[in-house]
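Grab your viewer and let's work through a few short exercises. Each one has a task and a stepwise solution.

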Amino acid sequence: MKKTHLLALVVIAIAISIVMATAGDASVYVSFKEAKELAADGDLRKVHVVGRLPHDAQKNIVGMQYNPTLDPNYFAFMLVDTNHVQQQVVYYNPKPQDFDKSEQVVITGNMRNDIFVADKILLKCPSKYVEKEVKGATASR
């Protein structure tokens, strides 16, 4: 075999190994029910759950626990998934900035003993570019 053929085979083998390694780390979007079923089966791979934060009548987030003076790396909250199942989530990092303002939350992690332990939290915050009524404003030349 020529050296170029060997080099091409090595490059292809490296590319295949990279694709296989990243495919194994890929996580899927599930509900809390599916995350519990995966954990019950012993599957500890990371999953994504999309949900909303429950609010009370005064628009306060229900079930949020964060005391940075006691433990700055413990943040717990309740999340309601797309199937309306409410679940406690624990995040062993500081509370994300603007968490209170978020409309939708995507968490990555897995279930452990009836608690979802999140490794990452992605927030979808309300747009700061909200259309405002401007009365009497017209474009002039």
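Where does D98 sit? It is in the loop between β5 (86-91) and β6 (104-112).

Quick ground rules: this is a predicted model, where local features need pLDDT of at least 70, side-chain atom pairs count only at pLDDT 80 or more, and totals for chains, interfaces and linings use all residues. Residues are numbered from 1 along each chain as its sequence is written, and side-chain values use heavy atoms, leaving out hydrogens and water.

**Exercise 1.** Work out the sign of phi for D98, and whether D98 is buried or exposed or in between.

Step 1: D98 isn't a glycine, yet its phi is positive, about 65 degrees.
Step 2: D98 has 37% relative accessibility, so it counts as partly exposed (buried is under 20% relative accessible area, exposed over 50%, partly exposed in between, with a 1.4 Å probe and protein chains only).

**Exercise 2.** Do the phi and accessibility check for D114.

Step 1: Find D114 in the loop between β6 and β7 (115-124). Strands here are DSSP runs of E, at least two residues, and helices are runs of H or I, at least four, numbered from the N terminus.
Step 2: Phi of D114 is near 65 degrees, positive in a residue other than glycine.
Step 3: With a relative accessible area of 62%, D114 is exposed.

**Exercise 3.** Find the backbone oxygen that lies 2.9 Å from a polar side-chain atom of S102.

Step 1: Go to the loop between β5 and β6, where S102 lies.
Step 2: S102 is buried, at 5% relative accessibility.
Step 3: The backbone oxygen belongs to F99.

Note on methods:
Polar contact = N/O pair within 3.5 Å; in protein donor to acceptor, adjacent residues only side chain to side chain.
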